[in-house]
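Student: I would like a close look at a single part of this model, namely the ligand and what surrounds it. Please take me through it slowly, and then show how the neighbouring elements are arranged.

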Amino acid sequence: MSAAAPGLRLAHEVPLRTRNTFGVEATAPLLVEVLDAAALPAAFTLAELRAAPPLVLGGGSNLLLAATRTPPLLQLRSDAIALVADDGTCARVRAEAGAGWHALVEWTLARGLRGLENLALIPGSVGAAPIQNIGAYGVELAEHVHAVEAYDPATARWHRFDRAQCRFGYRDSLFKQAGAGLVVTALELELRRDAPLRLGYAGIREELAARGIHAPDARAVADAVIALRRGKLPDPAQLGNAGSFFKNPLVPAAQAAALRAAHPHLPHWPAADGRCKLSAAWLIEQTGCKGTRAGDAGISDRHALVLVNHGAASGAQLLALAREVAAAVAARFGVALEPEPRIVGATW
Ligand code: EPU
C-alpha cells in the first residue's frame, strides 16, 4: 500500500477473491481507492490508469471475473448520506457512491421515508445501483432518482444527469451502455413519507399475512422483502453468487403469445414497447439445469437464475456453464438469454 495524491490510496497485486461475491480468484495489478471523490481527477493522471482504462469496482456483487488478471481497479470509498431537502413530506437524499446500498435503504427507513423498502437487502454499493437500475419486488431504482452525479475522465468534466438523461431501462442505463466511461460518484433520490406501499409483487402480501401484519408500514414491507430474499437467494457469504445471472428476456408480443400457447405456465409480464418479459428462471428450470453442477460451477437449487460457485470454480468455468445454460434455453425455446452481471476478461 502507498499514498499517492491526497485522497487516494494505492495497492499493487491485489488478490480479489474476497472482493467479488462469486468468490473467484483473480488479481488486480493495481487498486486505486478514492477516499474523496474530489481526488478522482488526480487518479486518472496516474500512469497505470492512463495506460489502461480502469474497471470501477463497487461491492463486487454484480461482476464475473472471467480472467485471472483484471485491468487496474478504481473503488470509490466516500460513503456520506445526507438530506439535501425536506419539506416534511417529500425529501431529497444524496448518497455518495461508496455507501452500501442496503445501508442507504435503512437510513431512509429510519427517517420515515418510503420508496426503497422493496429494494431492501440488494447487495452492492450506491454507485453501482444506477448503472444497472437495480430492481426487485415490482420497484426499480429509476422511479426514485432525482439526479446522478458522475465524472467523465475522457473530458475531465463533472456531470449531473437528471432522471431522463440517465436513460434508465430494465437493468440498463446510460452508465451501462458500452463506452460511456462515466464514473458514478453520487446519487440523489426523491422520496416521500406518504408514498403508497407497493405490495403487488408475488409473495409480499403472503409474507406479511404469515407475520400477522395486516396494516403494514414501510419497515414491515422491507422486513418481508428481506425474508423473501433470504428464502430464495443464496447468501454470497456462504455460497458465491451474483444474484440473478440472466436478465428476464424481453421478446416481441407475437413470440410471447406463441410460447405461452405451447407453455401455459410460463410466467410473463407486460413490458415497454408492446414487448413481453418472460421468466428466465422458469425457462432454465424447464431445461433441467436447476441444481446441477459442473465441477464447482453450478446452478442454485433454490433459484434457477442464480449461478453459484461451490468453492473453487474459476470465472472461466462459471462463464462456460452460463453459456451452456443459455444454449439449452435457446435450443428448447428459441429465446436468447443475456447475462446481467458485468463480465470482465471475456465477451458473452
Ligand atoms: N421461477 C421458476 N424457477 C425458479 C425461480 C423462479 O420457475 O427457480 C419462476 C417463478 O414461478 C416465479 C418467476 O420465476 O413466478 C419469477 O421469480 P422471482 O419472483 O424470483 O423473480 P425473477 O424474475 O426470477 C427478478 C429479479 C431479481 C429480483 C426478483 C424479485 C431479474 C433478472 N431478477 O427475478 O433480482 O430479486 O425479480 O423481484 O430481473 C438480481 O437482479 O440480481 C435479482 C436477484
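Tutor: A good place to begin is Lys 290, since a polar atom of its side chain lies 2.8 Å from an oxygen atom of the ligand. Please keep in mind that this is a predicted model. The side chain of Asn 248 also places an N or O atom 2.8 Å from a ligand oxygen, and for Lys 232 the corresponding distance, again from a side-chain N or O atom to an oxygen of the ligand, is 3.1 Å. Taken alone, the ligand would expose 820 Å², and the protein buries 81% of that area.

The shell behind these contacts consists of 25 residues, the closest being Tyr 137, Tyr 170, Tyr 201, Glu 285 and His 303. Sorted by class, the shell has 12 nonpolar residues, 6 polar ones and 7 charged ones. Four elements, strand S9 (135-136), helix H5 (218-232), strand S14 and helix H7 (280-286), give two or more residues each to this shell. The largest share, 3 residues, comes from H7.

Strand S14 leads from the ligand into a sheet. This sheet is open and has 4 strands in the order S14-S20-S19-S18, with antiparallel pairing. Its edge strands, each pairing on one side only, are S14 (240-244) and S18 (293-294). On its paired side, S14 is joined by 3 bridges to strand S20 (residues 306-309), and the two run antiparallel; within that pairing, Gly 240 has Asn 309 of S20 as its bridge partner. Helix H8 (residues 315-333) packs on this sheet, where it touches S20 and strand S19 (297-299), and its direction makes about 35° with that of S19.

A further sheet of the model can be read in the same manner. This open sheet is formed by 5 strands in the order S7-S8-S13-S11-S12, and the pairing is antiparallel. Here the edge strands are S7 (81-86) and S12 (157-162), each of which pairs on one side only. On average, and with direction ignored, neighbouring strands of this sheet are turned by 20° against each other.

At the S7 edge, 5 bridges join the strand to S8 (residues 90-96), which runs antiparallel to S7. Ile 81 stands opposite Ala 95 of S8, while Asp 86 stands opposite Ala 91 of S8. The two strands form a hairpin with 3 residues between them, and in the turn Gly 88 has a positive phi of about 95°. Helix H3 (residues 101-110) lies across S7, S8 and strand S13 (183-192), and runs at about 40° to S7.

Definitions and conventions. Residues are numbered from 1 along each chain as its sequence is written. This is a predicted model: local features need pLDDT of at least 70, side-chain atom pairs count only at pLDDT 80 or more; totals for chains, interfaces and linings use all residues. Side-chain values use heavy atoms; hydrogens and water are left out. Two strands pair if DSSP finds at least two bridges between them. Contact means heavy atoms within 4.5 Å. Axes are lines fitted to C-alpha atoms, for helices over the stretch in contact, and angles run from 0 to 180 degrees between N-to-C directions. A residue is near a molecule or strand if one of its heavy atoms lies within 4 Å of it. A polar contact is a pair of N or O atoms within 3.5 Å; within protein, one must be able to donate a hydrogen and the other to accept it, and residues adjacent in sequence count only if both atoms are side-chain atoms. Accessible areas come from the Shrake-Rupley method with a 1.4 Å probe; for residues, only the protein chains shown count as cover. Ala, Val, Leu, Ile, Met, Phe, Trp, Tyr, Cys and Pro count as nonpolar, Asp, Glu, Lys and Arg as charged, and the others, Gly among them, as polar.
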